[in-house]
Amino acid sequence: MIAIHDEGAGSGRRWLARLKWGALLCAMVLIYGSHAPLIALSKVDGRVPFQPSSCALMVEVAKLLASLATLVGSQTRGRRVPLAPSSPSTVAAYAVPAALYALNNNLVVVMQADMDPSSFQVLGNLKIAATAALYSACLGKKLRRGQWLGLGLLMAAGACHGYSSLGGAQAGDRLHVTPRGLVLVLAYCSVSGLAAVYTEKMLKSRRLPLSLQNVYLYSFGALLNGLASFSALAGEKSLLEGYSWTVWAMVAGQAANGLSMSLVLKHGSGVTRLFVISCSLLVNAVLSWALLGLQLTSFFLLPVAMVALAAYLYYK
């Protein structure tokens, strides 16, 4: 799914590289898919016992520490990595994606008052179209007609998956989307696509080690999420109140996925990220059935087939 150009490598090494990338993408799908079930397992009396903002902060701190460890490790192995930035503007550029991701996280929370969760899950798939359009326009990547068709199928698969979850809605739940909600969801999808495309362009265009770029990126992420977390707590709860093994597992998984995603954006593309997220929805459904007792219907097979066909059309 990710092309690695190395003409001097033998076929055995190429296959090994492909297997490693395949294993990385499969691990990412499993971690993404386990996120929602872990949140459900962490609930106490039907409520989440921790502050979501503090969880986001812990994820950013974990990614920052891991990036620092990788950077220090590369120094000790004899690889000379420049630790001082060439200019303040070089570092400041990494604040942009951090701010975009922080804005996206806040939009997710705000828009919940303007639509039901199922409508959000269906409409949120518009970020696939937004990412693809920005990917083509900003990075100059011309997609074939079959690739556009594959992305359209991927978006439809997400909508079908969201629609299939309506069967589990309670009788009192009603589908609703306010005009303000439509504006917010369009903003959410646009910001999500812009953040992915901007990050990919920055990681690929700068001649800096990925570990050092991650240190810059996650430093700003930790700072912004730290400000949001401490303002949200406002002295009512401690930073780590309500944390259990499931919460820490979620933090570790999301941190690992963030680091893996930087590899994907550096050596692959943001479109691969979309396929990872779409496949994770299917894993999420299976884990919810196995761990939480939620029912799966035969309709579930339709989005599975659509995702498989979308991947074939895009990567053939």
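**Helices, a surface patch and cysteines**

Reader: Among contacts between residues at least 6 apart in sequence, what percentage joins residues at least 24 apart?
Author: This is a predicted model, in which local features need pLDDT of at least 70 and side-chain atom pairs pLDDT 80 or more, while totals for chains, interfaces and linings use all residues. Residues are numbered from 1 along each chain as its sequence is written, and side-chain values use heavy atoms, without hydrogens or water. With contact meaning heavy atoms within 4.5 Å, the share of these contacts in the chain that join residues at least 24 apart is 87%.

Reader: Which residues does N104 contact, leaving aside its neighbours within four places in sequence?
Author: N104 lies in helix α4, residues 95-110, and is buried at a relative accessible area of 9% (buried: under 20%; exposed: over 50%; partly exposed: in between; 1.4 Å probe, protein chains only). Its C-alpha is 6.5 Å from that of V191, 87 residues away along the chain. Beyond those neighbours, N104 contacts V191, S192 and Y188.

Reader: How many helices does the chain have?
Author: Helices (H or I, at least four residues) and strands (E, at least two) are DSSP runs, numbered from the N terminus. The chain has 0 strands, and its count of helices is 12.

Reader: What distance does α11 reach from its first C-alpha to its last?
Author: Helix α11 covers residues 270-292 and is followed by G293, whose phi is positive, near 75°. Its 23 residues have an expected span of 33 Å at 1.5 Å a residue, taken as 1.5 Å times one less than the number of residues. Close to that value, the reach of α11 is 31 Å.

Reader: Which residues form the nonpolar patch on the surface?
Author: Patch residues have over 30% relative accessible area and no salt bridge (Lys or Arg side-chain nitrogen within 4 Å of an Asp or Glu carboxyl oxygen); like charges are joined within 9 Å, and nonpolar side chains (Val, Leu, Ile, Met, Phe, Trp, Tyr) within 5 Å. L292, in α11, is partly exposed at 33% relative accessibility. With about 340 Å² of accessible area together (Shrake-Rupley, 1.4 Å probe; for residues, only the protein chains shown count as cover), the patch residues are L41, L291, L292 and L294.

Reader: Why does C279 form no bond with the closest cysteine sulfur, and in which residue is that sulfur?
Author: A disulfide needs two cysteine sulfur atoms within 2.5 Å, and the structure holds 0 of them. C279 is partly exposed, at 26%. At 8.8 Å its sulfur is too far for a bond with the closest cysteine sulfur, which is in C26.
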